[in-house]
Amino acid sequence: MAETFDIAIVGAGITGCAIARQLARFNLSICVVEATNDIALGASKANGGLVHAGYDPAPGTIKAQVNARGCELYDTWAQELGFLFCRTGSMVLGFNDKDRAHLEKLRQNGLANGVPELSIIGPERIRELEPRASAQATCALWCPSTGYVDPFEVAIAALENAVANGVTFMRSAAVEAIEVAGSGDDARFTLATPVGNVRCRYLINAAGNGAADISHMAGAEEFQMVWRQGNIVVLDKEPRAVMPLYPVPTPVSKGVIVTGTVHGNTVITATAAVREPGDTQTYASDVNALLTGARKLVPDLDTRRVVRAFAGGRPVIQGTNDFFIGQSTVVPGLFQAAGIQSPGVASAPAIAERMELVMREAGVELHERADWNPIRRAPDDFDRAPLARKEELIEFDPAWGQIVCRCETVPEAEIVAAIRRRPGAVSVEGVKRRCRAGMGRCQSGFCQSRVVAILARELGCDPSEVLLEDTGSWLVEGPLKGVR
């Protein structure tokens, strides 16, 4: 028995979730079909979280059209969806006359792309804006509109808001085949998944590194994805986060970037190497390149404070360095949001906005719902809450006073809330992405067993069935000491 929807979106990364949230305001039935068991488990997870301003893409590209607009929309999205967003500004550091010439080219690109208030500054202004920036820098491109987010927090917030407005989320529903049939008002696409078939009139391909496979299964455009792997290093929290600092970019990468995060860590991001699809291993050579590049930008950076290194793959379409957003020219009713590599996070709100426009131009009737609610109330963050709110929460439920994760000050009640939200966490890493339990310097060394026990209780399963992340990643095998 197949469920039928007006629109099916394949992929619950930041792109798919943003599109779902954008379209949820209209009087249509929508389903987000995700291969894994949670939100943002692909490129959106393995990401530095920078909201790039838009001076880097070549003018006239789709990237250029959505990057600056997406960056602009983040203030509104953060306010409506309740995720953390810091608009700090950034600098691209130059060290010689050749670098300065490249900075001027970036400034001109930015002006053409609509990036506001770009300027090239000298050493004195560099030190004023970021005292920790290298004293060897002779010039910099100053961009006040750059910022940063947690990309998985944005995706989770967007999909929570979409679900609250009636969107259906299907987990562990990898698309195995697509049948295209019918026309007009009849359901045109049938997606075969392990958890049941999905029929829809319109199909949106936002499958990240799997986008080429979805397009092929639907008989649409044939293209290949390149796995451009990026290694990223996370440092422990510091009293003051570093402003995003960039080197002069290369033809394939923005280079090694040092940036703060919304939670006070420092992140060094990211290498760019073409590797086998699916390779998420971290490599010593890449990590060393990150640390070396970071010290060039911030010489006093204490790289001994590394708490985590991880890697992911950018969804790059072979032969192009641009996004592919639009209706398929081969299969009407199929809409592509493919090749969303960097700056995908920055562009996500504008990609969603553009997808709405593309669908309107294709004749899809979009009538706004009277009960559309753009507001998502952010969950309580105990660590950041004022003392009065902490006391109020503990009085309401003593479990708010039972601290499970000491590094990030996450109590039991906050973990329970992360599991019970819609869509909620179903794994240890899912809890971690929603409330940061296990995200601190010990990286779950002290709290993981407690999180497993809470998940087992809330999901009604045995601790041996609790997953670290996706299907098959069990943490426990056999009987547990002291567990009945």
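Colleague: Let's start with Y74 and F83: are they buried or exposed, and what makes them so?

Modeller: Both Y74 and F83 are buried. Buried means under 20% relative accessible area, exposed means over 50%, and partly exposed lies in between (1.4 Å probe, protein chains only), so each of the two falls under 20%. Please keep in mind that this is a predicted model, where local features need pLDDT of at least 70 and side-chain atom pairs pLDDT 80 or more, while totals for chains, interfaces and linings use all residues. Residues are numbered from 1 along each chain as its sequence is written, and side-chain values use heavy atoms, leaving out hydrogens and water.

Colleague: How many aromatic pairs are there, and why is the pair of Y74 and F83 called edge-to-face?

Modeller: The count is six aromatic pairs. In one of them, Y74 and F83 have their ring centres 6.0 Å apart and their planes at 75°. Rings of Phe, Tyr and Trp (its six-membered ring) pair if their centres lie within 6.5 Å; planes under 30 degrees apart are stacked, over 60 edge-to-face, and the rest tilted. The 6.0 Å is within 6.5 Å and the 75° is over 60, so the name fits. Together with F85, these two residues form one aromatic cluster.

Colleague: What makes you say that R275 lies over the face of Y283?

Modeller: R275 is 4.0 Å from the ring centre of Y283. A charge sits over a ring if NZ of Lys or CZ of Arg is within 6 Å of the ring centre and within 35 degrees of the ring normal. The charged end of R406 also sits over a ring, that of F446, 4.5 Å from its centre.

Colleague: How do you know how many disulfides there are?

Modeller: A disulfide is a pair of cysteine sulfur atoms within 2.5 Å, and the count by that rule is zero. For C143, the closest cysteine sulfur is in C71 at 6.9 Å, so it is too far for a bond. C407 is in no disulfide either, with the sulfur of C442, the nearest, 3.8 Å away.

Colleague: Why is C143 called buried or exposed, and what about C407?

Modeller: C143 has a relative accessible area of 0%, so it is buried. C407 is at 24%, so it counts as partly exposed.

Colleague: What makes helix α10 mostly covered?

Modeller: Seven of the nine residues of α10 (412-420) are buried, among them I415, V416 and I419. Helices (H or I, at least four residues) and strands (E, at least two) are DSSP runs, numbered from the N terminus. The buried residues of α10 pack against β20, β21, α11 and α12, where contact means heavy atoms within 4.5 Å. In α1 (14-23), ten of ten residues are buried.

Colleague: And which residues does G260 touch?

Modeller: G260 lies in strand β14 and is buried at 0% relative accessibility. Leaving out residues up to four places away in sequence, G260 touches Y148, A241, V242 and N265.

Colleague: Lastly, how do you know how the radius of gyration of the chain compares with a compact globule?

Modeller: The radius is taken over C-alpha atoms, and the globule rule is 2.2 Å times the number of residues to the power 0.38. For 484 residues that gives a value near 23 Å, and the chain has 22 Å, so the two agree. Of the 484 residues, 56% count as buried.
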